[in-house]
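This briefing covers one protein chain, from its overall form down to single residues. Please have the sequence and the coordinates open while reading.

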Amino acid sequence: MPLSADDVDRFEALRPRLEAIAYRVLGSAGEAEDAVQETFLRWQAADVDRIEVPEAWLTKVLTHLCLNQLTSARVRRETYVGQWLPEPLLAGDPMLGPADTAEQRESVSYAVLTLMERLSPKERAVYVLREAFGYPHREIAEILAITEAASQQIFHRAKKHVADGRVRTEIDEAAARRIVEEFLAAATTGRTEPLVRLLTEDAISIGDGGGKVPARAKVLEGAVAVAKFLRGLLKPAEVKRALVGGAPEVYAWTANGDPAVVAVVDGRVVGVMCLEVTAEGVAGLRHQVNPDKLERATARWAVADHGEPLFHAF
């Protein structure tokens, strides 16, 4: 039987939550949308009158679709050109999901999404459902067809794998922009010393160009090395302008709850650099410049009140 208007409304009311779960599990907004749409098709084909708790049913279907997608995605990523990084979501994107607790904010941070690549598909699903959405282990066990004890063990193992020894600093959006402004001011002095003072001694920098845009795929380590790289990155060069179609406007913004640098050319986001901030300083820089992973950011940017750029790069 076709879905009633009420059945469609019930699904649409849950869509934002489902998309937020799928994004955290998959690290890709596009893949998350596909998984949620496939979940809707399963809902459409089901006898919904016999489904007692729609949210639980939909979450179970979605989780298994995401697990299947993760398995195939890992095969694709083995042939991915360069380093694979998640798709960044700019401030205000509904797919970021709930941000009421420190755990929810942490689970969608760019650094943690990157670290979650260490996890097996099942570990990633358990971690997201428990840490970000507070599902009890009993429900997670039912979703994944495992025991409650197994769910608890998987969660503790996943949390240990995600932990990297650093304590992320909680900052609000205004503070995040101030950090980016200070960071960019140091980066544009033409000297490495001001940048080195803002970086941790073991700071890293890594980029994802997907083979379409040049990016440093190998992890660059150490404050001095990272500072020199950034200084070179911002030096004017005609070849850089030609590569992105002009001189990018540079903004201080937030992405995935992190301080971020957003580079824009003619309304098109051409790069997002997320800063991992700790009490000791900026510990990580992750650059997303693969145009396929910036389409959603561009759409979000088009409706954002972003004001004037700090400067033009290159």
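Two strands are said to pair if DSSP finds at least two bridges between them. By that criterion, strand E4 (residues 258-265) pairs with E5 in the antiparallel sense, over six bridges. The model discussed here is predicted. Its protein chain holds 13 helices and seven strands.

**Overall form**

- The radius of gyration of the protein chain is 20 Å, and a compact globule of 314 residues would have a value near 20 Å, so the two agree.
- Along the principal axes, the C-alpha atoms of the protein chain occupy a box of roughly 65 × 40 × 40 Å.
- Of the 314 residues in the protein chain, 51% are buried.
- The exposed area of the protein chain is about 14,700 Å², and carbon and sulfur atoms contribute 53% of that area.
- Taking contacts between residues at least 6 apart in sequence, 68% link residues at least 24 apart.
- The protein chain carries 38 positive and 46 negative charges, and the mean positions of the two sets lie 6 Å apart.

**The sheet**

- The seven strands make an open sheet with mixed pairing, in the order E2-E1-E6-E5-E4-E3-E7.
- Its edges are strand E2 (220-221) and strand E7 (311-312), each of which pairs on one side only.
- At the E2 end, strand E1 (residues 199-208) pairs with E2 in the antiparallel sense over two bridges.
- Within that E1-E2 pairing, Ile-204 has Glu-221 of E2 as its bridge partner.

**Strand E5 and its neighbours**

- Strand E5 (residues 268-278) is largely enclosed by the rest of the structure, because ten of its eleven residues are buried.
- On the E4 side, Val-262 is bridged to Val-272 of E5.
- E4 and E5 form a hairpin with two residues between them, and Asp-266 in the turn has a positive phi of about 50°.
- On the other side, E5 pairs in the antiparallel sense with strand E6 (residues 281-288) over seven bridges.
- In that pairing, Glu-276 has Gly-284 of E6 as its bridge partner.
- E5 and E6 are also joined by a hairpin, through two residues.
- In a regular strand, side chains alternate between the two faces of the sheet.

**Positive phi in loops**

- Most residues other than glycine have a negative phi.
- Ala-145, which is not a glycine, has a positive phi of about 60°.
- Ala-145 sits in the loop between helix H7 (137-144) and helix H8 (148-162).
- Its relative accessible area is 68%, so Ala-145 is exposed.
- Asn-256, also a residue other than glycine, has a positive phi near 55°.
- Asn-256 belongs to the loop between E3 and E4.
- With a relative accessible area of 1%, Asn-256 is buried.

**Two further loop residues**

- Leu-119 lies in the loop between helix H5 (110-115) and helix H6 (121-132).
- Leu-119 counts as buried because its relative accessibility is 0%.
- Beyond its neighbours within four places in sequence, Leu-119 is in contact with Arg-74, Arg-124, Tyr-127, Ala-158, His-161 and Val-162.
- Val-162 is 43 residues from Leu-119 along the chain, and their C-alpha atoms are 7.9 Å apart.
- Ala-247 is placed in the loop between helix H12 (238-244) and strand E3 (249-255).
- Ala-247 counts as partly exposed because its relative accessibility is 34%; that class runs between the cut-offs of 20% for buried and 50% for exposed.
- Leaving aside neighbours within four places in sequence, Ala-247 has contacts with Arg-241, Val-264, Val-265, His-312 and Ala-313.
- Ala-247 and His-156 are 91 residues apart in sequence, and their C-alpha atoms are 47 Å apart in space.

Technical notes
Residues numbered from 1 in each chain as written. Predicted model: local features only at pLDDT ≥ 70, side-chain atom pairs only at ≥ 80, totals over all residues. Heavy atoms only, no water. Helix = DSSP H or I, 4+ residues; strand = E, 2+ residues; numbered from the N terminus. Rg over C-alpha atoms; globule rule 2.2 N^0.38 Å. Buried < 20%, exposed > 50% of the residue type's maximum accessible area, 1.4 Å probe, protein only. Contact = heavy atoms within 4.5 Å. Areas by Shrake-Rupley, 256 points an atom, 1.4 Å probe, with all protein chains shown as cover. Lys, Arg positive; Asp, Glu negative; His and termini not counted. Charge placed at Lys NZ, Arg CZ, Asp CG, Glu CD.
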